[in-house]
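Subject: Handover of a structure and its findings

Dear colleague,

Please find below the structure that I am handing over to you. My findings follow directly after it, and I would be grateful if you read them with the structure open.

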Amino acid sequence: MASSESNFKLPSISTLAGASMRVYFKALWGRRIEAAYFIKVLITFLIILFATPFRWLDYLYFYNLRRKNIIRENPIFILGHWRSGTTFLHNVLCQDPKAAYITTYQSLFPEHLMSQWLFKTFMRTFMPKKRPSDNVELSVNFPQEDEFAMGNMISYCYYYFFHFPFDWSEYYRKYIGFKEHEKVSRRWKAAYHRLISKAILHTGGTRAIFKNPVNTGRVKTLLEMFPEAKFIFIYRNPVVVYLSTKKFFVKLFPTLQFQKISEEQICDLIFEVYQKLMEDYFRDKALIPAENLIEICFEDFEKKPLEHLEKIYQTLHLSNFEEAQPYLEDYVRSQATYEKNRYKISQKELDRVLSHWKFTMETWQYEVPQNLEVL
C-alpha cells in the first residue's frame, strides 16, 4: 500500500484485495500481466471471493448513506508531490480531535468497515511495522491517503499505474484529467463523496482531512464537488523530491506491479509525472478562492512546525486551534528523533533534474542542497 505514501509489502497479495469482484476484473481487463505475477492475481482473487459476503454487510448498512448529509464542514485537501512532506503534515493535522480521515485499514478495505475486526487482523499479519522506504511507523489505524481506497471502490484509480506502470499516461488522462467521458467524472465524484462520508463515520471526526499526491492534479474536479473546500499545498526542494521519490518507488513497485519495470524506466516516469502534476496545479490553483489556499515550504515547516500549523488554522479560518494545539504539539515532539535519509546523486541525474524541473526550482527559489553528495 502506498502512502502516507504507500506502505504494504504483501508477498503474494495485491492491494486490490479489498475490491469487489467486478472492480477487480475491470482493473485487470485488457492489461498485460506477466507470468511471474499469476499466483498473486490468483491469491488476490481468492481473498476477494472470501471477503465478498462481508462486503454485502457494508452495502446494506451504508445503503442510505448517499441520502444523508454527513459532510457538514468543508473538507481540507493536502496537495503536493510524493515525498514533499505531505505525510508528516497529514499525520500532525489528523491529531486534531475534529479530524476525520482515511485510515490505513480503510484505504485497503473501504467497503469492509462492518467486518474490520476480521480484516484488521489479516492486515496486521502481513503489514510491516515500518514503511520500507523511510522507516515511518505503520499501523492499521494511522491516517492514510485515499487513492488505493478509490481503486477498491471503483475502477477509476490512478494508482493502478503501480500495477501496470507502462499505462501510467492513460490512467493520468482518464482518472486525473478526466479527459475521456463525463460519466467517468460523475461516477468518480459519487464514489469519492461516499468515501469521505464513510471516513467521517469511521473515525468519528467532523472535519475531513484528506491527503493524496494525485489530487494535486484534480483541483478543478475537487472544487466542482466542494466549491468552498480548503487546500494546503506543500512543496520541497525538487532535487530532494526526485531522489526520495526514486528510492520510494524503486522499493514500492516490486510489491505492487504486475509488469516488471526497470529503475531507469521508473526514473523516466518520475520526471514526466512530476512535470504534469505541477503544471496542472499551477494552471488550476487560481480557481481556488484566496482565503481557501495556503502554500507551505517543507523546509520552513520542518524548522517551525507549530508556528506554521497556527498559520494554517488562521489562513483557512479553522476555528479550534487552541483546542487542537496540545495534540499537535505532542505529535511534533514524538517525531523529534526521526532520522531522515541521506542521498547521493550522479552528475547526469542532477543535470536532468535542473533541466527538466527548472520551472519549480525557479518558482520556489531553490538551489542544489549543500549537503548533497554529487558523484
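I begin with one pair of residues: alanine 99 stands opposite arginine 207 in strand 3. Please bear in mind throughout that this is a predicted model.

The sheet

The pair just named belongs to the contact between strand 2 and strand 3, which run parallel and are joined by two bridges. As general background, strands of a sheet pair through backbone hydrogen bonds, either parallel or antiparallel. Here, five strands form an open sheet in the order 2-3-1-4-5, and the pairing is parallel. Strand 2 (99–100) and strand 5 (293–297) stand at the edges with a single partner strand each, so one side of each has no neighbour in the sheet.

On its way through the sheet, strand 3 also pairs with strand 1 (residues 76–79), in the parallel sense and over three bridges. Within this pairing, phenylalanine 77 has phenylalanine 210 of strand 3 as its bridge partner. Strand 4 (residues 230–235) and strand 5 run parallel and are joined by five bridges. There, isoleucine 232 has isoleucine 294 in strand 5 as its bridge partner.

How enclosed is strand 3 (residues 207–211)? Five of its five residues are buried, so strand 3 is largely enclosed by the rest of the structure. In a regular strand, the side chains alternate between the two faces of the sheet. Both faces of strand 3 are covered, with Arg207, Ile209 and Lys211 buried on one side and Ala208 and Phe210 buried on the other.

Salt bridges

Side chains of opposite charge can pair when their charged atoms come close. The structure holds 22 salt bridges. One of them involves strand 3: lysine 211 forms a salt bridge with glutamate 145, and their closest N and O atoms are 3.0 Å apart. This pair links distant parts of the chain, since lysine 211 is in strand 3 and glutamate 145 is in the loop between helix 5 (116–126) and helix 6 (147–153), 66 residues apart. Both partners are buried: lysine 211 has a relative accessible area of 0%, and glutamate 145 has one of 1%.

Another salt bridge joins the side chains of arginine 31 and glutamate 170 (2.9 Å, N to O). Arginine 31 lies in the loop between helix 1 (21–28) and helix 2, and glutamate 170 lies in helix 7 (residues 168–175), so the pair ties together parts that are 139 residues apart in sequence. Arginine 32 forms a salt bridge with glutamate 34, with 3.1 Å between the closest N and O atoms. Arginine 32 is partly exposed, at a relative accessible area of 47%. In addition, Arg55, Asp58, Glu111, Arg194 and Lys198 are linked in a network of salt bridges.

Cysteines and surface

How many disulfides does the structure hold? The number is zero. For cysteine 94, the closest cysteine sulfur is that of cysteine 157, at 20 Å, which is too far for a bond. Cysteine 94 is buried, with a relative accessible area of 6%. Cysteine 297 is also buried, at 13%.

On the surface, Leu42, Leu46 and Leu49 make a nonpolar patch of about 280 Å². Leucine 42 is placed in helix 2 (residues 38–61), and with 49% relative accessibility it counts as partly exposed.

Yours faithfully,
A colleague

Notes. Residues numbered from 1 in each chain as written. Predicted model: local features only at pLDDT ≥ 70, side-chain atom pairs only at ≥ 80, totals over all residues. Heavy atoms only, no water. Patch = residues over 30% accessible without salt bridge, like charges linked within 9 Å, V, L, I, M, F, W, Y side chains within 5 Å. Areas by Shrake-Rupley, 256 points an atom, 1.4 Å probe, with all protein chains shown as cover. Salt bridge = Lys/Arg side-chain N within 4 Å of Asp/Glu carboxyl O. Helix = DSSP H or I, 4+ residues; strand = E, 2+ residues; numbered from the N terminus. Buried < 20%, exposed > 50% of the residue type's maximum accessible area, 1.4 Å probe, protein only. Disulfide = S-S within 2.5 Å. Pairing = 2+ DSSP bridges.
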